[in-house]
Amino acid sequence: MMIEFYEKTKEFHIHNDWISYIIQVFENGHLGNLYFGKKIKRNRDFSHLLQTGERAMAIYPKEQEYDISFQHTKMEYPVYGTGDFRFPALEIEQENGSRITDFRYESHKIYTGKTPLKDLPSLYVEKEEEAETLEINLWDEVCQARLTLSYTIYQDAPVICRNARVKYFGDRSIKIQKIFSTSLDLPDSNYEMIQLSGAWARERYPKTRKLQQGIQGFGSTCGCSSAEHNPFLILKRPYTTEDQGEAFGFSLIYSGNHMEQVEVNTHDITRVLQGIQPETFCWPLHNEEEFQSPEALIVYADHGLNQMSQVLHRLYQRRLVRGTWREKERPILINNWEATEMNFTEEKILQIAKKAKDLGVELFVLDDGWFGNRENDTCGLGDWYVTNFQKLPNGVKGLAEKIVKLGMGFGIWIEPEMVNKDSELYRKHPEWLLQTPNRTLSPGRNQYVLDFTNPDVVEYIYGMIKKILQSAPISYVKWDMNRYITECYSLTQSPETQGTVFHKYILAVYRFYERLIQEFPQILFESCASGGARFDAGMLYYAPQAWTSDDTDAIERLKIQYGTSYAYPISSMGAHVSAVPNQQVGRTTSLSTRGNVAMFGAYGYELDLNWLSLQEQEGVKQQILFMKKYRRLLQYGTFYRIHNPFTEQKAAWIMVSEDKSRAMLGYYRILGAPNQGWDRVYVKGLDEDKLYRVNDDDNQVYYGSELMYAGFMLEYTGERGSNRDFTSELYYFEAIENEEV
Ligand code: DGJ
């Protein structure tokens with residue numbers, strides 16, 4: 001039993017071997033949060049964990065009862081306007097204009113398993129026994145609405161999965177103005193908050209700040225999760241490091257506008273809210289209609305940030321990603337974007353593909369530029385068929401067949417949500433754009449966003465995409481999204497439902513993806529939004545990997561991949577070796593360093609390999625052989641961050657196999673400096689008692705304990721020395737029998 005209800009004390013205790021989450025039903029039917037954190041033993045009563053008592057100026061729910069003031073206590077799912085002056089988790093506007101709600105406990109249900117969320121991505125179970133779920137129903141008599149709070153706990157992970165839904169039973173209507181997926185009140189504020197923020201080409205940089213009284217937070221109003229702020233947040237103790245101390249990880253399984261907020265009140269109670277961005281949301285409900293929030297996860301770790309990330313990585317790889325590509329090694333691909341952009345011919349593509357095949361690449365991806373009159377980024381989007389037979393004389397089919405005949409898989413780029421004004425689609429259907437009447441429509445990359453809340457639009461686009469996927473042997477699709485949403489308004493929605501458009505839009509994207517993966521289950525999908533602007537857990541449910549960033553410089557990627565790893569698994573990060581000087585920053589790094597960074601990811605190349613010298617081509621061949629040999633370990637091992645490229649002139653990380661018998665250490669020097677001290681890496685994650693051989697060299701044999709506590713000594717001079725910029729090494733550790741020493 002992982003979820004218990006103590007009838008006498010009216011407490012729910014959700015627990016497994018790692019965590020306890022305790023909720024109390026107050027006498028008046030409101031819910032308070034008693035505890036969330038490391039597992040605590042069952043006591044006959046936990047109510048003392050709720051700090052209560054009379055305070056000057058406080059507002060109380062009842063006359064003469066100065067016990068619980070909503071203002072000073074930890075609420076489970078707070079509402080607006082009745083004495084809790086903090087930001088609420090739920091706000092409902094009723095027909096008379098009131099926003100006061102009063103949801104009280106009505107019933108609950110505890111069951112084995114986990115129910116998938118309707119139309120939304122969520123973690124799943126394979127066997128019912130893996131998880132238990134608690135659903136608490138609360139009722140507001142005046143509002144005539146039921147609020148259901150759902151909590152799932154897995155047997156083998158320190159995680160709580162949460163969501164909320166509201167169903168209306170009245171005969172008028174209500175409007176949901178805010179509905180967060182997670183609301184968590186913690187009893188003190190001695191935390192640092194880490195967010196993953198950035199911009200195009202420098203996505204997901206970790207930013208840390210100490211919590212202060214008042215509100216601190218971030219979010220997105222761009223129509224997607226965004227490059228600016230990822231839907232992910234960490235609260236950690238000031239003393240927490242990568243390897244020790246407490247941390248909470250909050251992750252929203254959602255790809256639309258989101259909000260993450262931490263509020264500390266005057267008594268140092270911390271409230272975390274995570275969910276749909278209220279600024280761009282308003283959802284009306286009529287009789288018997290229901291609104292379902294996205295799912296949010298809260299991970300608790302008491303062994304530092306590495307542990308927190310590892311829990312998320314495993315859950316995402318095993319219980320979020322689905323289908324053929326779940327836990328499968330990802331093909332080594334070559335993508336033509338940085339080599340040709342839109343300026344290619346079939347001949348040119350085949351030249352790139354042939355060379356790639358010779359060197360061992362497994363899949364060719366034809367990027368932007370194959371459809372309609374797509375000569376540059378002002379035209380063609382929306383016409384998902386070949387019209388330019390000078391570029392592709394035999395269409396996609398002809399090219400795909402030739403590439404498959406070479407012995408490679410074939411993949412294709414699409415951007416189904418977008419349209420250029422210079423396209424057949426726009427000429428026929430200018431009304432299919434998201435657009436506000438009588439307002440200028442702001443362009444972005446010369447393109448506009450299609451109104452995916454209109455089923456006619458979706459059907460039309462789906463039809464074209466389906467046709468192209470059916471027409472050729474396509475085993476991979478890169479789905480891009482290259483602009484944010486502005487002037488968000490749908491000509492097919494009523495004035496009353498304009499506040500639903502952003503959310504309906506992303507639901508339609510999810511439905512589109514779902515249809516595609518059901519219809520083409522063998523295809524590997526990669527999500528992309530000008531690089532990593534929609535790199536979120538919602539997308540991973542449909543596309544098991546994402547293009548991490550348009551910045552392919554190895555040194556920039558150290559930071560981007562390091563930051564991304566706080567929330568997302570290595571197997572989900574598309575990472576390619578590109579040409580030098582690098583297109584985004586002009587930096588020149590060695591082929592070896594470019595490979596050594598990208599190998600911790602879904603590996604590929606993004607250049608014309610014919611440009612390389614014969615020696616470099618041989619280097620590529622060796623990289624590919626190496627990647628094929630160690631791919632499972634590199635993509636599905638347990639990942640530990642060791643040296644932080646944001647704070648040091650170096651980076652290091654390691655992937656360790658589940659049984660700890662194999663590990664790959666990546667060590668990267670950023671700027672070298674002369675006459676440095678000796679360098680050593682304190683390796684992580686190994687078995688103390690196992691004996692490891694390094695790089696198959698019998699002269700380098702060390703116990704795990706030595707490697708972790710005394711350190712692994714690095715060589716000092718030459719290409720491997722600490723005095724060279726942008727150098728790197730990979731070290732492979734393999735456990736050997738003790739007798740072999
Ligand atoms: C943005 C992507 O991130 C790139 O990789 C490339 O696909 C371009 N779009 C194509 O327009």
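This section describes the ligand site, several strands and one helix, and a few local backbone features of a predicted model.

The ligand is surrounded by 13 residues. Among these, Asp367, Asp368, Lys478, Asp480 and Asp550 come nearest. The shell divides into 4 nonpolar, 3 polar and 6 charged residues. Oxygen atoms of the ligand lie close to several protein atoms. A polar side-chain atom of Lys478 is 2.7 Å from one ligand oxygen. Gly531 approaches through its backbone, with an N or O atom 2.8 Å from an oxygen of the ligand. For Trp547, a polar side-chain atom lies 3.3 Å from a ligand oxygen. The ligand taken alone exposes 290 Å², of which the protein buries 98%.

Strand S14 spans residues 229-236. Of its 8 residues, 7 are buried, so S14 is largely enclosed by the rest of the structure. S14 pairs with strand S11 (residues 192-199) in the antiparallel sense, over 5 bridges. The pairing of S14 with S15 is also antiparallel and has 5 bridges. Ile234 of S14 has a place in both pairings. Opposite Ile234 stands Ile194. Gly249 in S15 is likewise opposite Ile234.

Gln244 sits in the loop that links S14 to strand S15 (247-253). Its relative accessible area is 46%, so Gln244 counts as partly exposed. Beyond its sequence neighbours up to four places away, Gln244 touches Tyr239, Asp302, His303 and Gly304. Phe103 is 141 residues from Gln244 along the chain, and the C-alpha atoms of the two are separated by 39 Å.

Strand S5 comprises residues 90-93. Leu90 and Ile92 point one way from the strand, while Glu91 and Glu93 point the other way. In a regular strand, side chains alternate between the two faces of the sheet. All four of the S5 residues are buried. S5 runs antiparallel to strand S10 (residues 173-186), and 4 bridges join the two. Leu90 has Ile179 as its bridge partner in S10.

Glu93 belongs to S5. The side chain of Glu93 makes a polar contact with that of Arg99, at 3.1 Å. Leaving aside residues up to four places away in sequence, Glu93 touches Ser98, Arg99, Ile174, Lys175 and Gln177.

Helix H10 covers residues 591-598. H10 is mostly covered, with 7 of its 8 residues buried. The buried residues are Leu591, Thr593, Arg594, Gly595, Asn596, Val597 and Ala598. Pro581 lies in the loop between strand S29 (573-578) and H10. The peptide bond from Val580 to Pro581 is cis, with omega near -10°.

Positive phi values occur at two residues described here, Lys10 and Asn695. Lys10 is not a glycine, yet its phi is about 55°. Lys10 lies in the loop between strands S1 (3-6) and S2 (11-15). Its relative accessibility is 33%, so Lys10 counts as partly exposed. Asn695, also a residue other than glycine, has phi near 50°. Asn695 is placed in the loop between strands S35 (691-694) and S36 (697-703). With a relative accessible area of 30%, Asn695 is partly exposed.

Key:
Residues numbered from 1 in each chain as written. Predicted model: local features only at pLDDT ≥ 70, side-chain atom pairs only at ≥ 80, totals over all residues. Heavy atoms only, no water. Near = heavy atom within 4 Å. Polar contact = N/O pair within 3.5 Å; in protein donor to acceptor, adjacent residues only side chain to side chain. Areas by Shrake-Rupley, 256 points an atom, 1.4 Å probe, with all protein chains shown as cover. Nonpolar A, V, L, I, M, F, W, Y, C, P; charged D, E, K, R; others polar. Buried < 20%, exposed > 50% of the residue type's maximum accessible area, 1.4 Å probe, protein only. Contact = heavy atoms within 4.5 Å. Pairing = 2+ DSSP bridges.
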